[in-house]
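Colleague: I keep tripping over the vocabulary in these descriptions. Can we go through a few labels and see how each one is earned?

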Amino acid sequence: MNDKILTLFSVLLLAATVGIMSWYDMHPPSRDTGKEINIITGYYAGPDATAAVIPDDDLPVTIAQGEFKYTAEGKAEFIHQGMPPATFAQRQLNLLLRFDALPKKPEATFAKIKTLIDDWTYQGNIVAVIFLDYRPQNPDFNAYSKFMQGLKKYFQANSHLLIPVADASWFEDRQKAGRQLLQKDTRFFLVELNKPELPAGLLQKLENADYGFQLKLPPETLSAGFDGKALKNIGLFGGGMLTLGPHQNLLKQEPKIGIFPRL
């Protein structure tokens, strides 16, 4: 009788052990502790960056390329500020362009953007996303929307995802109409942070906007122990783009599954 009880107990113990192990395989415990949660899903190489600072992993990299300026006569001038075209094999590549204003006749600007993309394509890259950084003190959202629509049409045969770099002030109530106008033309915004912390109230404003966003983070974000837990709890958050500096200890990245493009 005792042998039967012992055998039954052993079988139940084995079944419980297998069940617990299976549950943990399907629901692995989070290794994030406290507020130090890695939210980095891509990199940003600024105007002074070189190919040497880009980590040897598979995360997407966004590369600054310069700024468009316009003369009083409306002539487009492109000032190149950034890494020259290089080969980044098997890696998502994005370009970031700044604008001091928007062109009244955008065809010349469109052609210059195409030439820039072609220069990177000839190096064996596929440019996935064009980030547009137009953030004057008083943005003309109506003109911006038309500019994006025109650029989409221009690249219709070889489309690229267009994402605006949003100013934090765009998420104020007074900018709601303009922000919503742009939301018709893009899937989400890239919001730039100047410090490795979330400004007071910004997180709530981003959540209230009810629209997808990513964050462009300064180089010192990782060493500052950035509080990413609150961001991870927001379904609208699509990850952080870390600005690369000359001296950084980057965390090993693990595969991520998300609803937004890997930028």
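Modeller: Sure, let's start with contact, which means heavy atoms within 4.5 Å. Keep in mind that this is a predicted model, where local features need pLDDT of at least 70, side-chain atom pairs count only at pLDDT 80 or more, and totals for chains, interfaces and linings use all residues. Residues are numbered from 1 along each chain as its sequence is written, and side-chain values use heavy atoms, with hydrogens and water left out.

Colleague: Which residues in H3 meet which ones in H4?

Modeller: From H3 come Phe141, Asn142, Tyr144, Ser145 and Met148, and they meet Gly178, Arg179, Leu181 and Leu182 of H4. Helices here are DSSP runs (H or I, at least four residues), strands likewise (E, at least two), numbered from the N terminus.

Colleague: What makes H3 roughly parallel to H4?

Modeller: Their axes, lines fitted to C-alpha atoms over the stretch in contact, are compared by N-to-C direction on a scale from 0 to 180 degrees. Angles under 35 degrees count as roughly parallel, over 145 as roughly antiparallel, 65 to 115 as roughly perpendicular and the rest as oblique. The axes of H3 and H4 (residues 176-183) cross at roughly 5 degrees and come within 9 Å, so H3 is roughly parallel to H4.

Colleague: And why is the pair of tyrosine 134 and tyrosine 144 called edge-to-face?

Modeller: Rings of Phe, Tyr and Trp (its six-membered ring) pair if their centres lie within 6.5 Å; planes under 30 degrees apart count as stacked, over 60 as edge-to-face and the rest as tilted. The count by this rule is 14 aromatic pairs. Tyrosine 134 and tyrosine 144 are 5.0 Å apart centre to centre, with 75 degrees between the planes, hence edge-to-face. Tyrosine 134 sits in the loop between strand E5 (127-133) and H3, and tyrosine 144 in H3, ten residues apart.
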